[in-house]
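Reader: I am new to structure terms. Please take me through this protein, and tell me what earns each label.

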Amino acid sequence: MTNEGGGAIVVKPNNNLHRPKFGSFLYPESVIFSPRNNNNQDDGDYYSGHPKSSASSTSPRYNNNSGTRTPTSGEASPYLMSPWNNQPVSPYTKSPWIMPPYSPNENLLSSCNGLIGSIVRKEGHIYSLAASGDLLYTGSDSKNIRVWKNLKEFSGFKSNSGLVKAIIITGDSNKIFTGHQDGKIRIWKVSRKNPSVHKRVGSLPTFKDYVKSSVNPKNYVEVRRNRNVLKIRHYDAVSCLSLNAEQGLLYSGSWDKTLKVWRISDCKCLESINAHDDAINSVVAGFDSLVFTGSADGTVKVWRRELQGKGTKHFLAQVLLKQENAVTALAVNEESAVVYCGSSDGLVNFWESEKHLSHGGVLRGHKMAVLCLAVAGNLVFSGSADRNICVWRREESGAHSCLAVLTGHTGPVKCLAVEEDRDHDHEYHQKGDQRWTVYSGSLDKSVKVWRVSEHSPDLKGLYSPTQMRRQV
């Protein structure tokens with residue numbers, strides 16, 4: 001079956017979604033984590049030979065010294081206790097790509113937490129997500145950026161080359177920045193006359209700046225023997241992007257180990273920082289003029305932005321973490337001033353600003369590497385190579401509890417995006433309960449959409465798969 005644009009579209013029920021074969025990930029990304037694969041290879045985040053996560057005695061569910069199991073948050077496994085643990089199997093629907101969960105009582109389940117629907121495409125594995133209002137942008141290894149509205153394909157645009165590893169949308173939703181495997185950052189603009197039209201308007205660095213810088217030999221750095229490159233350009237994959245809208249700055253991290261700072265107004269590269277000893281997997285602009293970077297070298301570094309003359313410059317302020325396991329994901333709760341870090345050992349560490357960025361604790365809920373993190377309100381979402389998404393809630397005391405484990409993906413969960421639930425007609429909104437729409441992208445070639453509340457779900461309003469089958 002083909003869509004209007006000629007692209008192939010397939011739909012499969014959840015129980016027939018097969019995981020990609022091992023060999024399909026050898027290029028351009030590394031292989032995925034698989035419970036069936038004892039080698040536990042990585043999925044494309046740069047680990048550079050650091051120890052990988054497994055379900056052995058080194059798992060976060062076990063004590064490394066004694067080999068005995070340690071309780072997860074809530075003194076019990078969140079996977080077993082979660083009322084959202086099992087989602088009903090989706091049947092075929094009229095739409096060729098939407099798979100909402102089947103429900104004998106849609107009015108009942110629409111007011112509960114859980115899976116809303118899924119988007120399945122044949123064209124490539126999902127590596128990046130960005131949400132803005134009712135629009136969802138997805139990036140894959142097909143070089144396409146798809147735009148979805150209400151779980152239906154709204155628009156799309158394609159780059160000439162480079163797997164799409166990161167997507168950032170400006171506050172006014174007018175510009176989109178995409179980071180690619182080929183080391184380029186591309187800039188797209190939304191048409192004012194037709195919001196479905198996206199036009200490429202440039203790249204970082206601009207051609208003018210590239211030519212201007214190439215004339216001066218001082219603007220080159222040696223990256224390996226007999227190879228010099230311009231400082232203002234990434235020469236390896238752009239793995240992550242972060243936006244400081246207030247200051248008009250864009251941060252890009254790369255497998256070339258550098259952090260670059262861009263001014264959005266004129267697309268100039270203000271700084272190129274040799275930030276780490278190995279590939280940078282995550283960057284996030286945070287609170288108090290701080291920027292956080294996480295790397296395959298096992299460190300989380302804090303950079304402070306300071307005024308210097310008419311411009312700004314970033315200085316290394318602190319190293320929060322130094323370990324053997326690669327740092328794979330970062331997220332910041334700006335309201336609570338908390339930094340979260342996911343790593344290849346399956347752990348989520350966090351630090352609190354009110355305690356001078358002292359270590360606040362560890363969240364243990366995954367058997368394999370944490371590949372992505374997202375924060376919304378008092379909730380923290382962690383996606384993992386174990387195919388699950390843990391939902392954590394930060395209490396007023398600073399303690400964290402696991403509300404649920406969202407299951408359903410058949411491949412590693414590679415990216416997350418969260419938007420406020422805009423349906424204000426729900427009874428939950430009337431009760432003052434904050435609710436969120438969560439998007440999860442996976443290497444199983446699907447995006448799943450979830451509705452999550454900051455309060456514990458009503459167990460009476462959820463059905464197990466057994467209950468669902470009995471009532472059909």
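**Pairs, sheets and cores**

Author: Start with two strands. β17 (residues 290-295) and β18 (residues 299-308) pair in the antiparallel sense over 5 bridges. This is a predicted model, where local features need pLDDT of at least 70, side-chain atom pairs count only at pLDDT 80 or more, and totals for chains, interfaces and linings use all residues. Residues are numbered from 1 along each chain as its sequence is written, and side-chain values use heavy atoms, without hydrogens and water.

Reader: What makes β17 and β18 a pair?

Author: Two strands (DSSP runs of E, at least two residues) pair if DSSP finds at least two bridges between them. β17 and β18 have 5 bridges, so they pass. One bridge sets Phe-292 against Val-302 in β18.

Reader: Which order do the strands take in the sheet with β17 and β18?

Author: The order is β16-β17-β18-β19, in an open sheet of 4 strands with antiparallel pairing.

Reader: Why are β16 and β19 called edge strands?

Author: β16 (280-285) and β19 (311-322) each pair on one side only. Neighbouring strands here are turned by 20° against each other on average, direction ignored. That angle uses axes fitted to C-alpha atoms, on a scale from 0 to 180 degrees between N-to-C directions.

Reader: Which other open sheet has 4 strands?

Author: β2-β3-β4-β5, also with antiparallel pairing. Its edges are β2 (126-132) and β5, each paired on one side only.

Reader: How do you know that β4 pairs with both β3 and β5?

Author: Count the bridges. β3 (residues 135-140) and β4 share 5, and β4 and β5 (residues 152-158) share 6. Both counts reach the two-bridge rule, so both are pairs. Leu-135 has Lys-149 of β4 as its bridge partner. On the β5 side, Ile-145 stands opposite Phe-157, and Val-147 faces Ser-155.

Reader: Which residues take a positive phi in the hairpins of β4?

Author: Lys-143 does so, near 75°, in the hairpin of β3 and β4, with 3 residues between the strands. Asn-150 does so, near 55°, in the hairpin of β4 and β5, with 2 residues between.

Reader: Why is strand β4 called largely enclosed?

Author: Buried means under 20% relative accessible area (exposed is over 50%, partly exposed in between; 1.4 Å probe, protein chains only). In β4 (residues 144-149), 5 of the 6 residues are buried, so the rest of the structure largely encloses this strand. Across the protein, 57% of the 472 residues count as buried.

Reader: What makes a group of residues a nonpolar core?

Author: Its members are buried Ala, Val, Leu, Ile, Met, Phe, Trp, Tyr and Cys, joined through side-chain atoms within 4.5 Å. The largest such core has 17 residues, and Phe-381, Leu-416 and Val-452 have the most contacts inside it. Strands supplying at least two residues each include β24 (370-376), β25 (379-384) and β30 (446-453). A second, separate core of 16 residues includes Val-302, Leu-320, Cys-341 and Trp-351. Val-302 is also the bridge partner of Phe-292.

Reader: How confident is the predictor on average?

Author: pLDDT is its confidence in each residue, from 0 to 100. The average is 77, and 71% of the residues score at least 70. Residues 1-111 stay under 50. So does the stretch 458-472, which is below 50 on that 0 to 100 scale.

Conventions. Contact = heavy atoms within 4.5 Å.
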